[in-house]
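Here's a friendly walk through one protein model, question by question. Have a look at it first, and then we'll dig in.

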Amino acid sequence: MQTDPVVTSEALVAAAVSALDDIKARDVCVMDVRKLSSLFDTVIVASADSARQTKALARHVQEKVRALGGHVLGVEGEESGEWVLVDLGDVVVHVLQPAVRDYYNLDELWGGRRPLPSRAAAGRHPGAEARP
């Protein structure tokens, strides 16, 4: 499934990752899920420190993809800002606050590795330790 004949999945991934990096997303995980789903090729999961940053990251991903000539098929979760999903067709981007990311564990669900908790997150949870 291709969103635009000119914009490849690889270009969408590069634009999304670049957009996330621009606004300092944390723990960005890019996963090839073609063997797990026929609906999309890549899942990108990233963390944001606040609802404001979550929304800004999702908006910036949309802007970069549109500037590239790609299409945004849908956006969910912008109201609360705890978890925003940006559907780019072949690529799905999830931007979550750390507690929501830990709870739903999308990284492991889609076959990726769970990121190590940041020092700030580890400091908020007594006894928290790094996970492999």
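Q: This is a predicted model, so let's start inside: which residues does V61 touch, not counting residues up to four places away in sequence?
A: Anything up to four places along the sequence is set aside here. With those neighbours gone, the list for V61 is A16, A19, L20, V86, L88 and V93.

Q: Which members of the largest nonpolar core touch the most other members?
A: This core holds 22 residues, and V61 is one of those with the most contacts to other members. The full set is L20, I44, V61, V86, L88, V91 and V93.

Q: Which element supplies the largest share of this core?
A: Several elements chip in at least two residues each: α1 (9-22), β2 (42-47), α2 (51-68), β4 (83-87) and β5 (91-96). The largest share is six residues, and it comes from α1.

Q: How many residues are in the other core?
A: Another core lies apart from the largest one. Among its members are V33, F40, V43 and W110. Its residue count is eleven.

Q: On to the aromatic rings: are the rings of W83 and Y104 stacked, tilted or edge-to-face?
A: The structure has two aromatic pairs, so let's take this one by its angle. Planes under 30 degrees apart would be stacked and over 60 edge-to-face, with the rest in between. W83 and Y104 have ring centres 4.9 Å apart and planes at 50 degrees, so the pair is tilted.

Q: How many residues apart in sequence are the parts that this pair ties together?
A: W83 sits in strand β4, while Y104 belongs to helix α3 (residues 98-104). The pair therefore ties together parts whose separation in sequence is 21 residues.

Q: And what kind of pair do Y103 and Y104 make?
A: The ring centres of Y103 and Y104 are 4.9 Å apart. Their planes stand at 85 degrees, which is over the 60 degrees that matters here. That makes the pair edge-to-face.

Q: Which residues do the ring pairs link into a cluster?
A: Y104 pairs with W83, and Y104 also pairs with Y103. Together, the ring pairs make a cluster of W83, Y103 and Y104.

Q: Is Y103 buried, partly exposed or exposed?
A: Within the cluster, W83 is partly exposed at 26% relative accessibility, and Y104 is partly exposed at 44%. Y103 has a relative accessible area of 66%. The cut-off for exposed is over 50%, so Y103 counts as exposed.

Q: Now for charges: which residue forms a salt bridge with D22?
A: There are three salt bridges in total. In the one with D22, the closest N and O atoms are 3.0 Å apart. D22 lies in helix α1 and its partner in helix α2, so the pair ties together parts 42 residues apart in sequence. The partner is K64.

Q: Where does D49, which pairs with R26, lie?
A: D49 and R26 form a salt bridge, with their closest N and O atoms 2.8 Å apart. R26 lies in strand β1 (residues 26-32), and the pair ties together parts 23 residues apart in sequence. As for D49, its place is the loop between β2 and α2.

Q: Which residues are linked with R26 in a network of salt bridges?
A: R26 has a salt bridge with D49. The side chain of R26 also meets that of D27 in a salt bridge, at 3.8 Å from N to O. So R26 is shared by both pairs, and the residues linked with R26 are D27 and D49.

Definitions and conventions:
Residues are numbered from 1 along each chain as its sequence is written. This is a predicted model: local features need pLDDT of at least 70, side-chain atom pairs count only at pLDDT 80 or more; totals for chains, interfaces and linings use all residues. Side-chain values use heavy atoms; hydrogens and water are left out. A nonpolar core is a set of buried Ala, Val, Leu, Ile, Met, Phe, Trp, Tyr and Cys residues joined through side-chain atoms within 4.5 Å. Buried means under 20% relative accessible area, exposed over 50%, partly exposed in between (1.4 Å probe, protein chains only). Helices (H or I, at least four residues) and strands (E, at least two) are DSSP runs, numbered from the N terminus. Contact means heavy atoms within 4.5 Å. Rings of Phe, Tyr and Trp (its six-membered ring) pair if their centres lie within 6.5 Å; planes under 30 degrees apart count as stacked, over 60 as edge-to-face and the rest as tilted. A salt bridge is a side-chain nitrogen of Lys or Arg within 4 Å of a carboxyl oxygen of Asp or Glu.
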